[in-house]
Amino acid sequence: MEFFRIKKDIPFMRHALVFNIISLITFVLAVFFLATRGLHLSVEFTGGTLIEVSYTEAAQLDPIRQALGNEGYPDAQVQNFGSARDVLIRMPNREDLDTNRVSERVMSTLASIDGPKGELRRVEFVGPQVGKELATDGAMALLLVIIGIMLYLAARFEWRFAVSAIIANLHDVIIILGFFAFFQWEFSLPVLAAVLAVLGYSVNESVVVFDRVRETFKKKRSMSTPDVLNHAITSTISRTVITHGSTQMMVLAMLIFGGETLYYFALALTIGILFGIYSSVLVASPLVMWLGVSREQFIKPKKEKEEAVV
Amino acid sequence: MNRYPLWKNILIGLVLLWGLIYTLPNFYGEVPAVQVSSGKATLKLDPATVTDRVAEVLRSAGIEHNGIFSDISGVRARFASTDVQIRAKDAIERAFNPDPQDPSYVVALNLLSASPAWLTSIHALPMYLGLDLRGGVHFLLQVDMPGALTKRLDSTTGDLRTLMRDKNVRHAGITREGNTIHIRFRDSAQRDAGRSAIQGSTTDLQLSDRDDGSDDLKLVATLTPQAQQTMRDFAIKQNITTLHNRINELGVAEPVIQQQGAERIVVQLPGVQDVAKAKDILGRTATLEVRMVDDTPGAVEDAIAGKVPFGTELYTERGGLPLLVKKQVVLTGDRLTDAQPGFDGQTNEAAVHLTLDAAGARIFRDVTRESIGKRMAILLIEKGKGEVVTAPVIRSEIGGGRVQISGRMTTAEANDVALLLRAGSLAAPMEIIEERTVGPSLGAENIAKGFNSTLWGFLAIAVFMCAYYALFGVVSTIALASNLLLLVALLSLLQATLTLPGIAAMALTLGMAIDANVLINERIREELRNGSSPQAAIAAGYDRAFDTILDSNITTLIAGIALLVFGSGAVRGFAVVHCLGILTSMFSAVLVSRMMINLIYGRQRKVEKLAIGQVWKPGNN
């Protein structure tokens with residue numbers, strides 16, 4: 001079996017500007033939604049209490065809301081989780097709430113409601129301080145990933161590649177966040193892990209293309225820079241599609257079989273994979289071109305250095 | 001050209017065999033067991049004698065066991081079924097704790113790995129499952145360090161007072177103000193005497209002079225940074241020990257109690273469902289304090305009116321009577337070696353019998369001798385709030401370190417207080433700042449979900465690879481399977497905690513690991529397309545793809561390591577598997593698949609065609 005039978009290099013670079021404008025628009029939209037709607041942060045970041053209760057039959061949400069309101073938790077959010085039988089209750093941290101006892105009180109409140117009795121599936125209580133630390137640690141991790149990858153790429157390739165790869169991949173990350181902001185999907189710790197993994201994954205993709213660019217520059221003397229980029233992308237395109245297809249199959253299995261917890265994790269990865277292909281081919285490569293990559297940067301004559309100083 | 005030397009084949013074979021052996025324990029599952037551990041902080045459990053005793057008890061009761069094992073935490077016996085397990089537990093319980101009111105040992109039901117002994121003996125253990133996969137409770141506790149510092153300074157204040165008296169230095173009052181201790185003097189000669197006395201007795205204090213007026217000379221003492229650091233370290237260690245003892249009372253198998261950061265402690269209790277009980281035992285940050293009662297006439301009335309006399313605090317005695325207690329602590333729970341519930345010999349009231357250590361006994365003897373006729377308050381401090389348990393009048397000097405607390409207690413309360421005190425007091429109060437509970441059915445569901453998504457994802461990739469790359473696809477699939485094998489073996493060996501995000505990382509890593517094989521296979525096809533001979537195409541394909549694989553995996557690894565360093569909880573569980581998976585995937589994609597290809601094609605002198613699927617050449621369509 002073979003999918004790709006490409007006779008000539010595909011002229012990706014000819015449309016580079018168009019794609020980058022599209023990218024820029026998506027990026028700006030993502031930033032806009034992040035700024036206006038914000039992320040729907042999970043209890044791990046905001047602090048608060050989260051209780052998952054499972055009923056044997058479809059749960060009635062209104063009596064639960066009412067009972068909790070009477071008990072002094074009017075700001076409790078009650079919603080279905082996964083199925084009609086599972087209920088998720090969220091409560092923000094409050095000064096006057098004895099946070100350590102909340103789960104017990106809520107469970108006893110639920111037990112006082114008529115009808116089927118619920119079974120406690122999961123309780124998560126996170127203090128406000130812990131949430132803040134998680135958020136700063138997450139930001140630190142992101143920063144460290146960016147710096148580490150840039151340094152590695154700059155050392156292995158050239159600074160132009162490092163800069164364009166990082167811009168292209170941050171663009172992916174922002175777009176994933178934009179999706180989460182727009183749809184108000186829950187942004188939890190596993191999702192953060194997915195986002196950071198996407199950063200590594202998406203750079204991975206750019207590196208494969210860049211690797212080919214470097215090789216082509218060394219091998220073919222007469223090619224112009226856009227042609228080199230086109231050739232590099234075209235000759236790796238079958239690998240790009242197959243690899244991402246395979247990873248996506250795995251992620252799809254997680255989306256289907258992984259349940260509620262892995263759902264958003266897999267969703268973040270799906271968006272990351274789609275934009276990862278797009279950005280490494282159509283954002284990172286043109287950026288490298290515009291930053292002025294050329295053959296000379298890879299074939300370094302030793303004596304020229306002195307002249308360059310003058 | 002495509003041959004590995006024999007040693008390389010053997011080496012790869014050995015690595016795979018190692019992977020298989022260390023993966024094995026995960027398939028055996030768990031068998032019911034009974035765990036015996038020490039029930040008292042004072043009782044040291046000797047594994048050898050306890051093992052013999054357990055064996056003896058089981059033999060005389062006619063119960064068959066499948067082996068008895070011991071480690072630092074206790075002794076465990078395995079059984080064939082849960083019925084036998086429960087009978088065995090009852091038998092052992094009866095033999096080890098003849099008095100159920102005063103258990104010396106904790107006998108608890110447990111689950112042990114069912115893998116054969118030879119696997120266990122080479123430390124091949126199943127993966128440690130996180131709470132989200134097996135159910136249980138997770139607590140993150142914050143140690144109140146400022147509180148510990150205040151407590152330490154308060155006791156230092158008392159020590160200084162004694163020191164001044166012993167050395168005959170006249171002072172005009174010693175008080176703690178914030179994080180400093182102020183000692184007032186009337187003249188500088190006394191101050192110099194005081195300074196040299198303090199410097200002669202301790203190196204933990206930094207002293208500085210302060211003159212607030214001609215007749216108000218002060219010595220300001222602060223704890224040195226080293227002393228503060230030692231105090232912090234001690235506080236967290238003491239609290240961990242105390243938690244160990246308290247959790248032991250719950251009879252939990254394999255609890256996790258670890259320090260996290262400078263002032264936090266993680267407690268994980270797998271399988272615990274009675275959260276309220278667990279919280280109660282953990283959260284009761286009770287410490288015992290013995291202080292003197294201020295019986296100055298009229299002082300209590302003043303205090304109730306809002307004018308609490310200097311150096312005292314107002315408390316409520318059990319039963320509601322107000323009581324004025326001096327701030328100076330005579331004795332703390334640290335000096336306690338044992339506490340047992342019981343009854344007062346004369347009144348037959350419920351009581352708690354305390355035993356003090358040597359230093360505590362001496363202090364107690366001195367204080368009781370000096371204060372005959374006065375009242376002494378025994379306070380239980382819980383979460384910063386004190387309660388006077390009892391305030392008896394001292395009739396005579398109490399020596400020997402045996403003290404009894406009684407008064408308005410029910411038997412159950414006496415039991416609780418004794419348990420609390422026996423388990424040891426905390427060096428500093430703690431607060432639960434994070435709590436997670438996962439039901440056992442949810443845990444089993446999570447495992448099934450994670451397992452299914454990995455399985456189906458793997459199958460989809462395998463089918464595709466075999467269809468697309470033919471024989472090379474089969475080799476890639478085997479390489480991918482060996483990657484999974486090595487990853488599981490490595491996780492089992494490291495006893496890293498596997499969580500649901502960890503399983504997700506496993507699935508994602510497998511999805512990404514196939515990239516290396518795709519790179520190689522595509523490269524070989526390309527070489528063939530450009531007219532290379534099959535053997536040359538294999539060699540060039542593997543060699544050229546290697547650089548790319550290295551670069552792309554290192555960038556991914558950088559991201560993984562950042563997650564590992566800065567992540568916590570779910571993120572860290574993800575990162576561990578992700579990082580290890582990248583390493584194993586490089587090994588399996590490059591070396592294992594190359595070895596197989598070499599074994600298939602390397603032996604043939606002339607290879608006509610590679611079974612790598614269709615290779616289309618631009619010239620011949």
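**Chains A and B: contact and nonpolar patch**

Author: Let's start with one pair in this predicted model: B:Glu445 and A:Arg121 form a salt bridge through their side chains, at 2.9 Å from N to O.

Reader: OK, and how many salt bridges are there between chain B and chain A?

Author: Eight salt bridges are counted between the two chains. There are also 20 residue pairs in polar contact between chain B and chain A, with both residues at pLDDT 80 or more.

Reader: Which elements of chain B give two or more residues to the side that touches chain A?

Author: On chain B, those are helix H10 (275-283), strand E21 (430-438), H14, helix H15 (500-529), helix H16 (534-566) and helix H17 (570-602).

Reader: How many residues does the contact take from each chain?

Author: Chain A puts in 74 residues and chain B 72 residues. About 6400 Å² is buried between them, with 62% of that from carbon and sulfur atoms.

Reader: Switching topic: which residues make the nonpolar surface patch?

Author: From chain A, A:Leu252, A:Ile256 and A:Phe257; from chain B, B:Ile447, B:Phe451, B:Leu455, B:Trp456 and B:Leu459. The patch comes to about 730 Å².

Reader: And which helix gives the largest share?

Author: H14(B) does, with five residues. Helix H8 (225-257) of chain A and helix H14 (440-494) of chain B each supply at least two residues of the patch.

Reader: Take B:Leu459, then. Why does B:Leu459 count as partly exposed?

Author: Because its relative accessibility is 38%, and partly exposed runs between the 20% and 50% cut-offs. B:Leu459 sits in helix H14 of chain B.

How values were computed. Residues numbered from 1 in each chain as written. Chains lettered and ligands numbered in written order. Predicted model: local features only at pLDDT ≥ 70, side-chain atom pairs only at ≥ 80, totals over all residues. Heavy atoms only, no water. Patch = residues over 30% accessible without salt bridge, like charges linked within 9 Å, V, L, I, M, F, W, Y side chains within 5 Å. Areas by Shrake-Rupley, 256 points an atom, 1.4 Å probe, with all protein chains shown as cover. Salt bridge = Lys/Arg side-chain N within 4 Å of Asp/Glu carboxyl O. Helix = DSSP H or I, 4+ residues; strand = E, 2+ residues; numbered from the N terminus. Buried < 20%, exposed > 50% of the residue type's maximum accessible area, 1.4 Å probe, protein only. Contact = heavy atoms within 4.5 Å. Buried area = accessible area lost by both parts, 1.4 Å probe. Polar contact = N/O pair within 3.5 Å; in protein donor to acceptor, adjacent residues only side chain to side chain.
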